[in-house]
Amino acid sequence: MTRRILYWILILALQLLVLNHLELSAFIVPQVFIILLITLPLHLSRLNQVLIAAGLGLLVDFFTATPGIHTSACLWLIVFRIGLLNRQDLKQHIANRLPYTVNSAGLVSFAYTAAILVFFYHLYLFFIGSVGAIHGANYGLTVLSSSLLSLTIIAIIQFSTTKRI
Amino acid sequence: MQQLLAFIEQRLHLIVFALLQVICGFLVFSLNPFQQASFTQTANSVTDAGNTMSSDVTDYFDLKYQNQLLQDQIATQFQNSTIGTLLVSGDTIELKDTSRKSLYDVIPAQVVYNTTFKANNVFVINKGGNHGIHKNMGVISSEGLAGLVLKSTANYSTVMSLLNTNMTVIPNIHGMEYYTKLLWVNEAPNVMRISGINNLEELKIGDEVKTGKSSMLFPSGISLGTITKLDKNPKSQYYETEIETATNFRSLEYVFVIINRDIDQMEALISDND
């Protein structure tokens with residue numbers, strides 16, 4: 001439990017203190033903290049998942065001064081995740097109270113789910129963030145480049161931490 | 001009830017999700033200046049579009065009433081004008097006797113039946129004896145002369161159209177009356193002929209033909225049409241003249257019936273003189 005809390009704090013610190021201040025390019029704004037939602041334990045009730053997503057979103061909004069934007073995106077992400085995981089056979093994982101990780105779900109299944117959710121999250125986040133003044137090409141480029149970098153960092157984190165937590 | 005509760009329990013996460021999204025929407029569009037400005041701009045555009053659409057629809061359904069108002073207004077203006085009372089006009093002097101009212105009452109009416117394809121065309125209006133309309137009253141449109149009342153029932157009247165081979169009017173061009181006849185010869189709708197104008201008269205295409213003072217049924221100065229053809233025949237001393245009627249009979253919708261209040265007194269005087 002302590003390890004899990006520490007893991008959450010570290011991921012949030014990485015997002016809020018490092019990634020949010022990288023300034024690699026205006027088109028690269030990776031949102032890695034959503035790995036916390038993607039890897040939520042599978043035995044959690046749907047309602048709890050929604051409430052955790054809202055809480056995490058509010059926390060990130062508080063530190064990034066974007067009231068409601070991350071919260072809304074996190075809520076969409078968790079509902080989308082519930083829908084996606086419903087299509088996968090995860091009864092054994094639920095019974096064993098496992099989190100949804102590369103180790104528990106398998107590389108292909110996890111990569112597929114994570115890629116869709118990360119892309120969807122960035123797509124929605126940048127849409128809400130620039131609503132009313134969306135430039136198609138810039139928007140597409142930002143979503144793609146940020147999603148790719150986020151997925152890369154998520155992959156690194158997964159392979160380096162999954163066995164330990 | 002149990003089924004309902006089970007349904008709510010099963011979908012509780014979606015209900016909470018929806019509620020939280022509503023709160024997020026409020027937060028996003030009220031606490032983020034950029035999103036707030038975008039929302040306000042979009043809301044204004046939608047409101048403007050809605051207002052315009054609403055106004056268009058309201059205006060459309062109000063057209064009938066506005067049309068009626070306009071007709072009444074035209075009728076009142078016409079009645080209060082000095083046409084047909086004492087109007088002396090010339091190149092430089094125009095005297096109008098505003099101390100007395102017009103000889104004419106004007107009743108607006110709507111055309112409910114109309115023909116233009118026969119030799120003797122008539123149209124029917126939605127006013128009749130109950131409105132003071134009787135046989136031999138003049139009928140005009142907002143564009144010009146339209147016809148003569150043939151017959152009236154309580155609420156309807158038949159009007160002999162200008163496009164009727166039995167209808168003749170004495171034309172007045174440049175203030176001069178020509179004691180010949182303006183006739184419809186059933187050649188084309190809205191085209192009439194005048195025969196018997198001497199080709200020494202200084203007329204030209206485009207001259208307006210009006211009613212004169214030789215008829216007590218219409219005020220003078222009501223447009224009959226404009227000259228569209230003016231041919232000199234070397235074998236004749238008269239012009240061959242074609243007139244395009246001022247009133248477009250194929251789209252005739254509203255007319256005004258002219259009632260000469262003093263026609264009985266005037267006819268009595270004229271018959272005494274004869």
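Two strands are said to pair if DSSP finds at least two bridges between them. In this predicted model, that idea can be followed through much of chain B, where E8(B) and E11(B) run antiparallel and are joined by two bridges; within E11(B), the residue that serves as bridge partner of B:Val169 is B:Leu182.

**The sheets of chain B**

The secondary structure of chain B comes to four helices and 16 strands. Eight of the strands form an open sheet with antiparallel pairing, whose order is E8-E11-E12-E15-E14-E13-E9-E10. Its edge strands are E8 (168–169) and E10 (176–177) of chain B, each of which pairs on one side only.

Some of the pairings in chain B, each of them antiparallel, are set out below, with one bridge partner for each.

| Strands paired | Bridges | A pair of bridge partners |
|---|---|---|
| E8(B) and E11(B) | two bridges | B:Val169 and B:Leu182 |
| E11(B), residues 182–183, and E12(B), residues 191–198 | two bridges | B:Leu183 and B:Arg193 |
| E12(B) and E15(B), residues 238–245 | six bridges | B:Asn198 and B:Tyr238 |
| E3(B), residues 104–114, and E4(B), residues 120–125 | three bridges | B:Tyr113 and B:Val124 |

The last row of the table belongs to another arrangement, a closed barrel of six strands that runs E3-E4-E7-E6-E5-E16 in chain B, again with antiparallel pairing. On average, and with direction ignored, neighbouring strands of this barrel are turned by 45° against each other.

Two values describe chain B as a whole. Of its 274 residues, 35% count as buried, and among contacts between residues at least 6 apart in sequence, 56% join residues that are at least 24 apart.

**Two helices that cross in chain B**

Two packed helices are described by the angle between their axes and the distance between the axes. For helix H1 (residues 2–10) and helix H2 (residues 12–31) of chain B, the axes come within 4 Å and cross at roughly 60°, which makes H1(B) oblique to H2(B). On the side of H1(B), the contact is made by B:Ile8, B:Glu9 and B:Gln10, while H2(B) contributes B:Leu12, B:His13 and B:Ile15. Sorted by class, the residues of this contact are three nonpolar, two polar and one charged.

**A helix of chain A and its buried residues**

In chain A, helix H8 (residues 136–161) has 26 residues, and the distance from its first C-alpha to its last is 37 Å, close to the 38 Å expected at 1.5 Å a residue. Several residues of H8(A) are buried, among them A:Tyr139, A:Thr142, A:Val143, A:Ser146, A:Ser150, A:Ile153, A:Ile154 and A:Ile157. An α-helix has 3.6 residues a turn, so residues three or four places apart point the same way. The buried residues of H8(A) pack against helix H1 (2–18), helix H2 (35–38), helix H6 (102–105) and helix H7 (107–129) of chain A.

Why does A:Thr142 count as buried? This residue, which lies in helix H8 of chain A, has a relative accessibility of 10% and therefore counts as buried, since the cut-off for that class is under 20% relative accessible area. Leaving aside residues up to four places away in sequence, A:Thr142 touches A:Ala26, A:Phe27 and A:Phe126.

How values were computed:
Residues are numbered from 1 along each chain as its sequence is written. Chains are lettered from A and ligands numbered from 1 in the order in which they are written. This is a predicted model: local features need pLDDT of at least 70, side-chain atom pairs count only at pLDDT 80 or more; totals for chains, interfaces and linings use all residues. Side-chain values use heavy atoms; hydrogens and water are left out. Axes are lines fitted to C-alpha atoms, for helices over the stretch in contact, and angles run from 0 to 180 degrees between N-to-C directions. Angles under 35 degrees count as roughly parallel, over 145 as roughly antiparallel, 65 to 115 as roughly perpendicular and the rest as oblique. Contact means heavy atoms within 4.5 Å. Ala, Val, Leu, Ile, Met, Phe, Trp, Tyr, Cys and Pro count as nonpolar, Asp, Glu, Lys and Arg as charged, and the others, Gly among them, as polar. The expected span of a helix is 1.5 Å times one less than its number of residues. Buried means under 20% relative accessible area, exposed over 50%, partly exposed in between (1.4 Å probe, protein chains only).
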